[in-house]
Amino acid sequence: MGRVSGRSCIVTGAAQGIGRAIGEALVREGADVCFADIDGNKVAEVAEQAGGLINGSAAKVTHAWVDVTDRAAVKDMIAKTVSVFGKLDVKFNNAGVNKPMNFLDVTEENWKFIMDVNGLGCLIGMQEAARQMISQGTGGKIINTASIASRQGYDNVAPYCASKFAVVSLTQSGARDLAKHNITVNGFAPGVVATEMWDQVDKDLMEIGAADRPGQAMEEFSSDILRGRVAKPQDITGTTTYLAAPDSDYMTGQVVMIDGGMVLV
Ligand code: NAD
């Protein structure tokens, strides 16, 4: 018996990085997992490979194209998951974007792009997952990807920080509103995780003059991690599987830091 056996889960932003690792860890622990992403081809490959992790359990895997800012697409993704797995128990709102800009250069376009995916995308994902769970009458779990940038404002990424503060507010508001339906809402907050997102952020920070050489921004940003190194996506998944499992049933409205000790709150 895995820790999440028989649970039907959706993970957005699952074509790579943290989302992919979340989905793979859930499959290993017996869950049915829909890997969803705006990169439909890549997420289909990732889901197929995740099928190889099932390892004798009854777990199932599927995939869906989704743009988390598009409510109709989110509804389709949930409908597909329910048609394949029969229900929805756990929804990870993990898809996210960043595009660093110097504070004084931040444009409306930059703000809207980041707030749409990270903020509105999280809200729509919570609402549509909750509607499905309410119609089932089964309760459920909604888990949002926050960040150290949910706890502190950092220079060169102001809209990203604002969007991740929004994720914490949505987690708290959702927890209060959805408790009556036996739906819990929690989040987790990674620090610096070595993924394609950070590779791109590193390049972007050089482009805007905030770093001189590749790797410098990541080194400087993460120099005071108490655990002494940046994270791999697999450092995050013990906590994400816990948040999807019955072990965390009494917990709601919380955001767990998994940052190796960068921000102490
Ligand atoms: P990543 O860029 O490697 O992966 C993000 C995935 O989201 C990609 O597969 C991308 O195609 C997908 N995506 C982007 N826009 C989408 C949309 N509109 N609809 C659906 N899918 C979309 O990023 P990651 O590092 O794995 O980050 C995952 C989450 O973790 C994000 O919310 C990010 O903000 C958060 N986070 C990352 C770090 C880090 O250091 N990497 C730290 C804290 C929080």
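Helices here are DSSP runs of at least four residues, numbered from the N terminus. With that in hand, the model, which is a predicted one, can be toured from its ligand outward. Three helices come up straight away: α1 (17–28), α5 (158–178) and α6 (196–207) each supply at least two residues of the shell around the ligand. Of these, α6 gives the most, with 3 residues.

The ligand itself sits in the largest pocket. There are 28 residues around the ligand, and the ones that come nearest are Asp 37, Asn 94, Tyr 160, Val 193 and Thr 195. Some of the surroundings can be described atom by atom. Tyr 160 places a polar side-chain atom 2.6 Å from an oxygen atom of the ligand. The backbone joins in too: a polar backbone atom of Gly 191 is 3.4 Å from an oxygen atom of the ligand, while at Ile 38 a backbone N or O atom lies 3.3 Å from a nitrogen atom of the ligand. As for cover, the ligand has 830 Å² of accessible area on its own, and the protein covers 93% of that.

Next come the cysteines. How many disulfides does the structure hold? The count is 0. Cys 34 is in no disulfide, and the nearest cysteine sulfur, that of Cys 9, is 10 Å away. Cys 34 counts as buried because its relative accessibility is 0%. Why does Cys 161 make no bond with Cys 122? The closest cysteine sulfur to that of Cys 161 is indeed the one in Cys 122, but the two are 16 Å apart, which is too far for a bond; a disulfide needs the sulfur atoms to be within 2.5 Å. Cys 161 is also buried, with a relative accessible area of 5%.

Two polar residues away from the cysteines are worth a look for their contacts. Ser 248 lies in the loop between α8 (237–244) and β7 (255–258). Is Ser 248 buried or exposed? Its relative accessible area is 0%, so Ser 248 is buried. The side chain of Ser 248 has partners: a polar contact of 2.7 Å joins it to the side chain of Lys 141, and it also reaches the backbone oxygen of Ala 245 at 3.1 Å. Asp 32 belongs to strand β2, which covers residues 32–37. With 7% relative accessibility, Asp 32 counts as buried, and its side chain reaches the backbone nitrogen of Lys 60 at 2.8 Å.

The backbone has a couple of quirks as well. Most residues other than glycine have a negative phi. Asn 156 goes the other way, with a positive phi near 75°. Asn 156 is found in the loop between β5 (140–145) and α5, and at 16% relative accessibility it counts as buried. Asn 182 likewise has a positive phi, in this case near 60°. The place of Asn 182 is the loop between α5 and β6 (183–190). Where Asn 156 is buried, Asn 182 is exposed, its relative accessible area being 53%.

That leaves two residues that help with a sense of distance across the model. Thr 145 is found in strand β5 and counts as buried, at 7% relative accessibility. Between Thr 145 and Thr 107 there are 24 Å in space, C-alpha to C-alpha, for a separation of 38 residues in sequence. Gly 86 sits in the loop between α3 (71–85) and β4 (90–93). Gly 86 counts as exposed because its relative accessibility is 54%, and the cut-off for exposed is over 50%. How far from Asp 116 is Gly 86 in space, C-alpha to C-alpha? The distance is 30 Å, and the two residues are 30 residues apart in sequence.

Notes
Residues numbered from 1 in each chain as written. Predicted model: local features only at pLDDT ≥ 70, side-chain atom pairs only at ≥ 80, totals over all residues. Heavy atoms only, no water. Buried < 20%, exposed > 50% of the residue type's maximum accessible area, 1.4 Å probe, protein only. Near = heavy atom within 4 Å. Polar contact = N/O pair within 3.5 Å; in protein donor to acceptor, adjacent residues only side chain to side chain. Areas by Shrake-Rupley, 256 points an atom, 1.4 Å probe, with all protein chains shown as cover. 1 Å grid on protein atoms, 1.4 Å probe; cavity = no way out; pocket = protein on both sides within 12 Å on 5 of 7 lines; lining within 4 Å. Sits in = over half its atoms within 2 Å of the grid points.
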